[in-house]
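Me: I'd like to go through this model feature by feature. Could you give me the general idea each time, then the case at hand?

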Amino acid sequence: MKNAPPKATLLEDYRPLPFKINTIHLTFELDDKETLVTAVSQIERERSAPGEPLKLNGERLKLVSLEIDGRALDESDYSYDERFLMIHETPESFELTIKTEINPSANTTLEGLYKSGTIFCTQNEPEGFRRITYFLDRPDIMSVYTTTIIADKNLYPILLSNGNKVESGDLEDGRHWVKWNDPFPKPSYLYALVAGDLGEIRDTFRTISGRDIDLHIFCDKGNESKCEFAMNALKKSMKWDEEVYGLEYDLDIFMIVAVDAFNFGAMENKGLNIFNTSCVLADKSTATDDNFYRVEGVVAHEYFHNWTGNRVTCRDWFQLTLKEGLTVFRDQEFSADMNSRAVKRIEDVESLRAAQFAEDAGPTAHPIKPKSYIEINNFYTATIYDKGAEVIRMIHTMLGKENFRKGIDKYFELYDGQAVTTEDFIHAMEQASGVDLKPFTKWYHQSGTPELDVSYQYDSAKQSLKVDLIQKNPSTADEQEKHPLVFPLACGILSSEGSSITPNVEGARKNGDTVILPVSKESQTFVFENVSSRPTLSVNRGFSAPIKVHVRYEHKDLMFLMAHDHDEFNRWDASQELGIRLMLESLQDQSMKVSEDYLEAYGKVLKNKMLDPGLKALCLTLPTEGTLGQRQSIIDFDGNHHVRETYLSRIATHYQNDFIDLYEELSSNVNYQIDPESIGKRSLRKLCLKYIAQTEKKEALDLCLESFKTASNMTDQYGALRILADYDCEQRKEALEQFYQQWKGEQLVMCKWLTAQASSKAKGALDKTEELTKDVIYDQKIPNLVRALFGGFMQNHVQFHDSKGAGYAFIVEQISELDKINPHVSARLATGFRKFGQLDSNRRDMLRKELDVLLSKPDISPHLYEIVSKCVK
Ligand code: TRP
Ligand code: ZN
């Protein structure tokens with residue numbers, strides 16, 4: 001029996017509500033199993049809506065009592081079911097008092113009020129607040145919140161909510177209470193509460209206007225020192241937002257709380273951000289450089305939401321990219337300013353291509369502003385976030401920095417304190433810049449990745465370069481018909497010696513030695529004037545548009561760009577494109593031969609002393625098996641693995657001495673520091689170690705083990721562990737065991753230990769993954785551990801997509817089980833099935849059988865149903 005698909009919500013159905021809630025006072029009497037919530041709201045009916053009933057959202061609530069203006073309601077005055085509470089008649093303006101009872105310790109979905117270990121905390125975005133009390137739980141209902149928290153003083157000495165602490169006191173029964181008030185009206189999704197016996201660090205930040213803000217980071221006791229890095233990141237973010245956008249913090253206190261059990265990275269609740277521990281805690285012995293970058297980026301992201309998200313919020317959830325795309329763009333730019341801009345851009349584009357391009361190419365394709373959804377939680381996607389950020393970046397590129405800033409100023413001038421739409425954002429940008437963005441806005445409504453064919457011809461007589469562009473927009477799973485899009489295409493030209501030629505193109509904006517071509521049509525030609533010799537064209541510099549570019553380069557052109565392009569991003573991109581092409585060609589002709597030319601080009605980068613080490617490491621990293629798979633209509637999992645391993649081994653053997661020399665040079669007396677240069681050196685050192693290990697010689701694996709044992713920090717230690725974990729050897733066993741003994745008390749480090757084994761290329765990863773679910777450090781209620789283990793295994797292309805189907809059967813069973821605990825986690829893992837359409841018929845049949853069983857389970861969550869049903873369609 002198939003389940004009936006749950007009902008969709010449509011953008012076109014948006015209507016303002018007939019009521020507004022001006023203020024709400026919440027009182028919590030905290031208890032693990034029976035928390036009593038009293039909500040007293042001042043509600044007004046809109047003049048335009050006489051006689052409408054009041055229909056409040058509510059889920060998993062036990063209704064205790066209901067009063068209007070102090071009078072208990074009669075049972076005939078209201079009705080309720082699993083989703084709504086309906087009050088049939090109300091006055092124009094009234095006070096509504098609702099008492100509900102909730103069970104935080106039974107709440108494993110981690111939305112609403114729940115317990116993470118011993119800590120009470122909340123997660124209300126997007127629709128968690130309705131699990132706390134009956135409410136108009138949508139972002140266009142903005143209210144002033146007051147909170148009184150009552151709890152046992154010993155167990156919960158720290159009681160937090162949004163805004164400012166206004167009063168507190170003790171009760172006679174060993175309980176105490178604290179009252180908080182947030183003066184800024186906000187939607188319910190930004191509401192937060194935390195209670196616990198927490199460790200804490202404090203600091204202050206003096207704002208540009210001279211106000212002192214109290215900063216607090218709370219965590220499990222014992223982890224305080226791991227919060228210092230996040231505190232610094234917070235202060236840097238506050239300063240950056242003042243300098244770059246003129247935005248000053250508005251409350252007198254800003255708090256961050258770190259919890260273990262959390263569905264996503266972090267949440268921007270007003271004045272009280274709640275974070276996954278993975279995005280706060282970091283010190284050199286437990287966190288890698290990647291972790292440090294992530295902490296810095298997420299702290300900034302949540303802080304920046306205070307203006308782009310909280311002060312100006314979303315009218316409805318179709319507008320999600322309004323706050324997320326813009327805030328991701330802001331955090332990316334912050335990180336670029338704090339670290340290496342080129343490395344940051346490359347990493348962001350790598351993940352955009354791996355996650356978002358894949359999403360657009362698969363069964364869950366959707367525009368950054370969808371027209372409908374079944375489960376809004378499934379729309380916190382790479383498309384809404386990362387493609388959304390690219391759309392903002394294109395506006396920034398087209399308008400230029402100054403006009404963009406004027407547009408942001410205008411946005412706050414017009415909409416501060418309101419819940420608005422993406423059209424409102426565009427309106428502000430147009431007003432401030434005078435640029436007509438109407439044609440550009442198609443990006444908001446059209447899904448799919450545009451493809452651009454580029455060809456160019458040099459005319460030596462006219463000394464000009466003619467560039468022909470053909471734009472194609474392939475249809476996607478959600479939409480057949482597409483239209484050409486408008487985007488800025490940053491290009492440059494290089495002379496045959498590799499020097500930059502300043503281009504001159506009519507109708508195009510210039511930026512240094514780069515010109516921004518305004519692309520808008522299916523077919524377009526641009527002519528570069530005054531080009532004195534036959535050049536090489538560098539296209540889409542800095543990834544100015546989120547598209548796939550096809551230039552008819554020969555291998556030698558890519559090698560030339562790899563060596564000479566003045567744009568660092570494109571230098572890296574050329575190295576990747578060349579690697580992809582060669583590996584796919586070797587796979588096709590079955591030769592598995594690595595060309596001498598390629599080895600030479602690779603060696604030039606390896607030996608280039610001028611190149612920034614971080615950038616060098618990125619250029620020398622071979623494209624992943626996943627990247628190769630993206631270029632195939634039917635993915636050849638085994639072939640991709642085999643050809644990549646062949647290339648790794650060939651390069652490793654050919655340059656063994658160089659890798660050893662460079663490794664030693666990078667190992668000599670370095671003090672551990674966290675700055676882009678040191679981080680770049682560590683990643684290059686790790687790359688060398690990888691190529692040394694790839695020979696699988698005893699002395700190579702011994703060196704790897706020694707590197708593991710003598711590491712002074714987690715970047716080096718985990719780097720060596722990940723490398724060893726891929727080879728079936730004694731050294732691997734020893735390292736994994738030592739790592740476990742050393743770090744079994746640290747959950748975040750254990751996540752790494754799980755991933756290293758589940759994603760290992762060595763055979764037996766499936767059995768190992770299954771075995772690890774029984775380890776004492778594993779807990780299926782902690783999303784970080786689940787993702788580390790099963791997410792790690794699903795990255796293991798060869799073994800997850802095992803041709804006998806054992807990987808599919810195992811993961812489907814796990815997902816089915818997890819779905820009962822936490823549908824956010826199960827649905828997210830299931831996005832790993834979106835390669836369904838690219839599987840060969842054998843794999844597709846096996847997976848379809850498994851997924852059909854899953855879909856027919858009577859208790860499958862709507863979250864999981866939506867994803868899986870799209871995958872098998
Ligand atoms: N708004 C959060 C952010 O982008 C994302 C988020 C955190 C979230 N927790 C969530 C989204 C739970 C959905 C559900 O920073
Ligand atoms: Zn966000």
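Reply: Sure, strands to begin with. Two strands pair if DSSP finds at least two bridges between them. Helices (H or I, at least four residues) and strands (E, at least two) are DSSP runs, numbered from the N terminus. With that in hand, Leu113 stands opposite Thr122 in β11. A word on the ground rules: this is a predicted model, where local features need pLDDT of at least 70 and side-chain atom pairs count only at pLDDT 80 or more, while totals for chains, interfaces and linings use all residues. Residues are numbered from 1 along each chain as its sequence is written, chains are lettered from A and ligands numbered from 1 in the order in which they are written, and side-chain values use heavy atoms, with hydrogens and water left out.

Me: Which strand is joined to β11 by 5 bridges?

Reply: That's β10 (residues 112–116), and the two run antiparallel. They make a hairpin with 2 residues between them, and Gly117 in the turn has a positive phi of about 60 degrees. β11 also pairs in the antiparallel sense with strand β16 (residues 193–196), over 2 bridges. There, Cys121 has Val194 of β16 as its bridge partner.

Me: How do I read the side chains of β11: which point one way and which the other?

Reply: In a regular strand the side chains alternate between the two faces of the sheet. In β11, Ile119, Cys121 and Gln123 point one way, Phe120 and Thr122 the other. Both sets are buried (under 20% relative accessible area; exposed is over 50%, partly exposed in between, using a 1.4 Å probe and protein chains only). So 5 of the 5 residues of β11 are buried, and the strand counts as mostly covered.

Me: What should I look for in the backbone?

Reply: Most residues other than glycine have a negative phi, and most peptide bonds are trans. Here the peptide bond from Glu125 to Pro126 is cis, with omega near -5 degrees. Pro126 sits in the loop between β11 (119–123) and β12 (143–152). For phi, check Arg60, which has a positive value near 55 degrees, in the loop between β4 (54–57) and β5 (62–68). Phe543 has a positive phi near 55 degrees too, and its place is the loop between β32 (536–538) and β33 (548–551).

Me: Arg60 and Phe543: buried or exposed?

Reply: Arg60 counts as exposed because its relative accessibility is 68%. Phe543, with a relative accessible area of 1%, is buried.

Me: Now the metal. Which residues coordinate the zinc ion (ligand 2)?

Reply: Donors are N, O and S atoms within 2.8 Å of the metal (3.2 Å for Na, K and Ca), and water is not among the atoms, so sites may look incomplete. For this zinc ion the donors are His301 (NE2), His305 (NE2) and Glu324, which is listed twice through OE, at 1.9 to 2.7 Å. The spacing of the donor residues in sequence is H-x3-H-x18-E. His305 and Glu324 link distant parts of the chain: His305 is in the loop between α2 (289–304) and β22 (313–314), and Glu324, 19 residues apart from it, is in helix α3 (residues 320–338). Both His305 and Glu324 are buried.

Me: And ligand 1: which residues come nearest?

Reply: A residue is near a molecule or strand if one of its heavy atoms lies within 4 Å of it. Of the 15 residues around ligand 1, the nearest are Glu125, Ala266, Glu268, Glu302 and Tyr385. A nitrogen atom of ligand 1 is 2.5 Å from a side-chain N or O atom of Glu125, and a nitrogen atom of the ligand is 2.7 Å from one of Glu268. Lys323 has a polar side-chain atom 3.5 Å from a nitrogen atom of ligand 1.

Me: How much of ligand 1 does the protein cover?

Reply: Accessible areas come from the Shrake-Rupley method with a 1.4 Å probe; for residues, only the protein chains shown count as cover. Ligand 1 has 370 Å² of accessible area on its own, and the protein covers 97% of that. The elements giving two or more residues to the shell are β20 (266–267), α2 and α3.

How values were computed
Polar contact = N/O pair within 3.5 Å; in protein donor to acceptor, adjacent residues only side chain to side chain.
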